[in-house]
Amino acid sequence: MQNQATVDHSAIKTGQLLSIAMLITALVLNRWELVGVLAVIFLITALINPLGPFVLVYRLLLKPIGAVELDMRIDNLQPHLFGQAVGAASAAIAAFALYAGYAYAGWILVFVLIVLTVISFKGWCIGCFLYYQLNRMGLRGFFAHKPTDKGMILGARPRK
């Protein structure tokens with residue numbers, strides 16, 4: 001039987017909002033560097049979650065001042081970390097495209113990242129969905145963290 005863990009979804013949603021803000025700022029200011037910085041933030045968060053910059057903003061600033069309340073749900077962190085890795089790769093590709101002079105391709109990818117992050121904020125995560133699809137396919141490393149609620153749509157935010 002699988003152990004059930006809890007995940008603070010307020011930390012995840014804070015990261016999503018900050019990501020959206022950073023991507024929109026990059027788009028408005030026409031700065032590929034911000035997209036590159038976001039790729040690094042996603043990568044750090046995927047690899048060392050407690051040290052992720054947006055996680056630290058949530059944990060050390062927003063939560064202590066009461067700006068955001070705890071939202072613990074029965075969930076596994078691994079699909080969300082996988083989603084961060086997918087975001088890191090996507091943002092890195094967008095930043096490189098912009099840097100290399102492929103502005104249309106880069107900004108279209110940034111726009112897609114914004115849309116997918118907004119959808120994720122609303123409750124359905126493409127990274128989590130991909131994680132669970134890989135789990136269904138039986139790929140190594142995606143076995144230990146199956147969805148805890150069989151009635152949920154894959155990639156959907158767990159109920160409270």
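N30 is exposed, with a relative accessible area of 52%. This residue sits in the loop that joins α1 to α2, and its phi is positive, at about 55 degrees, although N30 is not a glycine. The structure described here is a predicted model. Its chain contains six helices and two strands, and the points below cover the overall build, the nonpolar core, two buried threonines, the cysteines and the internal spaces.

**Overall build**

- In sequence order, the elements of the chain follow the pattern β-α-α-α-β-α-α-α.
- The chain has 160 residues, of which 41% count as buried.
- Among the contacts in the chain with a separation of 6 or more, 69% are between residues 24 or more positions apart.
- The accessible surface of the chain amounts to about 9200 Å². Carbon and sulfur atoms account for 69% of that surface.

**Nonpolar core**

- The largest nonpolar core is made up of 18 residues.
- The residues with the most contacts inside this core are L23, V35, L38, A91, W107 and V110.
- Helices α1, α2 (32-47), α4 (77-99) and α5 (103-122) each contribute at least two residues to the core.
- For L38, the contacts beyond four places in sequence are with S19, M22, L23 and F54.

**T14 in helix α1**

- T14 belongs to helix α1, which spans residues 9-29.
- T14 counts as buried because its relative accessibility is 7%, under the 20% cut-off.
- Outside its neighbours within four places in sequence, T14 is in contact with Y58, L62 and V68.
- Y58 lies 44 residues from T14 along the chain, yet the C-alpha atoms of the two are separated by 6.6 Å.

**T45 in helix α2**

- T45 is a residue of helix α2.
- With a relative accessibility of 6%, T45 is also classed as buried.
- When neighbours within four places in sequence are set aside, the contacts of T45 are G52, P53, V55, L81 and Q84.
- The C-alpha atoms of T45 and A85 are 8.2 Å apart, while 40 residues separate the pair along the chain.

**Cysteines**

- The whole structure contains zero disulfides.
- C125 takes part in no disulfide, and its nearest cysteine sulfur, belonging to C128, is 3.2 Å away.
- C128 likewise is in no disulfide, with the sulfur of C125 as its nearest cysteine sulfur.
- The separation of 3.2 Å exceeds the 2.5 Å limit, so the pair does not count as a disulfide.
- Both cysteines are buried: C125 has a relative accessibility of 15%, and C128 has a relative accessible area of 4%.

**Largest pocket**

- The volume of the largest pocket is about 720 Å³.
- This pocket is lined by 36 residues, and those closest to its centre are I12, Q16, H80, G83 and Q84.
- Two or more lining residues come from each of β1 (6-8), α1, α2, α3 (53-62), α4, α5 and α6 (126-137).
- Helix α4 provides the largest share of the lining, namely eight residues.
- Q84, one of the residues closest to the pocket centre, is also among the contacts of T45.

**Cavities**

- There are two cavities of 30 Å³ or more.
- The second largest cavity has a volume of about 70 Å³.
- The lining of the second largest cavity consists of H9, I12, Q16, H80, S120, G123, W124, C125, C128, G155, A156 and R157.
- Helix α1 gives the most to this lining, with three residues.
- C125 and C128 both line the second largest cavity, and neither C125 nor C128 is in a disulfide.
- I12, Q16 and H80 appear in the lining of this cavity and are also among the residues closest to the centre of the largest pocket.

Note on methods. Residues numbered from 1 in each chain as written. Predicted model: local features only at pLDDT ≥ 70, side-chain atom pairs only at ≥ 80, totals over all residues. Heavy atoms only, no water. Helix = DSSP H or I, 4+ residues; strand = E, 2+ residues; numbered from the N terminus. Buried < 20%, exposed > 50% of the residue type's maximum accessible area, 1.4 Å probe, protein only. Contact = heavy atoms within 4.5 Å. Areas by Shrake-Rupley, 256 points an atom, 1.4 Å probe, with all protein chains shown as cover. Core = buried A, V, L, I, M, F, W, Y, C linked by side-chain atoms within 4.5 Å. 1 Å grid on protein atoms, 1.4 Å probe; cavity = no way out; pocket = protein on both sides within 12 Å on 5 of 7 lines; lining within 4 Å. Points joined across faces, edges and corners; volume = space filled by probe spheres on them.
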